[in-house]
Amino acid sequence: MLYRLSLLLLAITLPLATHSADRPELNVYTHPSFAAEWGPGPGVKDAFEKQCDCALNYTVLNSGGDILQRLRLEGTSTPADVVLGLDTATMETALQTGLIGEHKRSLDALALPIEWDDTHFIPYDWGYFAFVYDTQQLSEPPTSFEELISSSDDLKIIIQDPRTSTPGLGLLLWMHSVYGDKAPVKWEQLNDKVLATTQSWSDGYFSLFMNGEAPMILSYSTSPAYHMAVDKTDRYQAVQFEEGHYLQVEVAALIESSQQKVLARRFLDFMLTPEFQKHIPLKNVMYPAIDLGDDLPGVFDRLITPEHTFFLPPADVAEQRRQLVNDWLDAMTR
């Protein structure tokens, strides 16, 4: 599957080699789950190019963490005009690079579960972190962190590395929100259940979970929507945890040093239109950032609805991130 994914990504990045002499180009740094053949990227590219008289190029990096790292290395010489694939947990870190420009766009169309007035980042979808399980391997999944930690030794989970993956960092914030100062102890207890810690969500979901390597994976409450609507199966479901779930909002931003700021802001406006957002529910498999009304697929009515939710402001995440990662590393290496 990894080989197949690599071929798909190659196909997506090929347009980077195709330059148009008479059309401006907009370069977007993003990650595989957005740009891949099955993601929203191809449809978004077609729709935007039809109205912008430009070429929309994706540079596909392995994860949100890799997008940040590439920006740090390239600095103001980065060829990126827009970054798409960061989230509320990495916003402040991205802002601290000094490379993110103000969007100066209207946010009136947004329909999020939280208030949003940020001047640098535009949300394009949202969802809750959740463990997705294979009903053919696990008939009665644990319904809380406590049940997961105390479950039998043969129950294994796949998670993502918080240093490179936004879901991986999201699990740190989720555990911290639930347990506070006791989170390092809980991580040490959870360590026995971890089969693999992958660099990105895509690596874990497609290469391991979908090949039956473990019955549970850290993913999203919305992930089953794809399987139910596209694969026509109820086999993969999200389990609702009693403690509650952590909210993730995915965001995009323009690069201050971009020579295509007008075009970049036009793309940010496009992100909050139905032409962009209609690709989100079943291709990025998240909730759209605007109200799609009856165009939201019906399977979204069958998803879990967390009774309790957690969310830390981006500045608070940036302040605590290093310590939380260090606590996680200590717990997972003991």
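# A walk through the model, starting at helix α8

Select helix α8, residues 183–190, and colour Ala 183, Lys 186, Trp 187 and Leu 190: these are buried (buried is under 20% relative accessible area, exposed over 50%, partly exposed in between, with a 1.4 Å probe and protein chains only). They sit on the same side of α8, because they cover an arc of only 105° around the axis (the arc is that of the directions from the helix axis to the C-beta atoms). The general background is that an α-helix has 3.6 residues a turn, so residues three or four places apart point the same way.

A word on what you have open: this is a predicted model, in which local features need pLDDT of at least 70 and side-chain atom pairs count only at pLDDT 80 or more, while totals for chains, interfaces and linings use all residues. Residues are numbered from 1 along each chain as its sequence is written, and side-chain values use heavy atoms, with hydrogens and water left out. Helices (H or I, at least four residues) and strands (E, at least two) are DSSP runs numbered from the N terminus.

**Next stop: around α8 and into α7**

Now show what the buried residues of α8 pack against: α6 (145–149), β5 (157–160), α7 (166–179), β6 (194–198) and α14 (314–332). Contact here means heavy atoms within 4.5 Å.

Pick α7 from that group. It has 14 residues and reaches 20 Å from its first C-alpha to its last, close to the 20 Å expected at 1.5 Å a residue (the expected span is 1.5 Å times one less than the number of residues). Is α7 largely enclosed or not? It is largely enclosed by the rest of the structure, because 12 of its 14 residues are buried. Among them are Thr 166, Pro 167, Leu 171, Trp 174 and Tyr 179.

Zoom in on the start of α7, where a side-chain oxygen of Ser 165 reaches to within 3.2 Å of the backbone nitrogen of Gly 168. For reference, a polar contact is a pair of N or O atoms within 3.5 Å; within protein, one must be able to donate a hydrogen and the other to accept it, and residues adjacent in sequence count only if both atoms are side-chain atoms. At the other end, α7 is followed by Gly 180, whose phi is positive, near 60°.

Still in α7, click on His 176. This histidine is buried, with a relative accessible area of 18%. Which residues does His 176 touch, leaving aside its neighbours within four places in sequence? Look for Ala 183, Leu 312, Gln 320 and Leu 324; Ala 183 is one of the buried residues of α8 where you began.

**The strands**

Move to strand β7, residues 216–220: 5 of its 5 residues are buried, so β7 is largely enclosed by the rest of the structure. Strand β4 (residues 122–134) pairs with β7 in the antiparallel sense over 5 bridges, and Tyr 133 has Met 216 of β7 as its bridge partner. Two strands pair if DSSP finds at least two bridges between them. With β5 the sense is parallel, over 2 bridges, and here Ile 158 is matched with Ile 217 of β7.

Follow β4 across to β8: 4 bridges join these antiparallel strands, with Asp 134 opposite Tyr 236. In β8 (residues 236–239), Tyr 236 and Ala 238 point one way, Gln 237 and Val 239 the other way, and all are buried. In a regular strand the side chains alternate between the two faces of the sheet.

**Helix α4 and the loop after it**

Select α4 (64–74) and highlight its buried residues, Gly 64, Gly 65, Ile 67, Leu 68 and Leu 71. They share one side of α4, because their arc around the axis is only 160°. Their packing partners are β1 (25–30), β3, α5 (91–95), α7 and α14. Just after α4, Gly 75 takes a positive phi of about 55°.

Step on to Ser 77, in the loop between α4 and β3 (82–87). Ser 77 is exposed, with a relative accessible area of 60%, and a polar atom of its side chain lies 2.5 Å from the backbone oxygen of Glu 74.

**Last stop: the disulfide**

How many disulfides does the structure hold? It holds 1, between Cys 52 and Cys 54, with the sulfur atoms 2.0 Å apart (the cut-off is a pair of cysteine sulfur atoms within 2.5 Å). Set a dihedral about the S-S bond and you should read -85°, a left-handed link. Both cysteines, Cys 52 and Cys 54, are buried.
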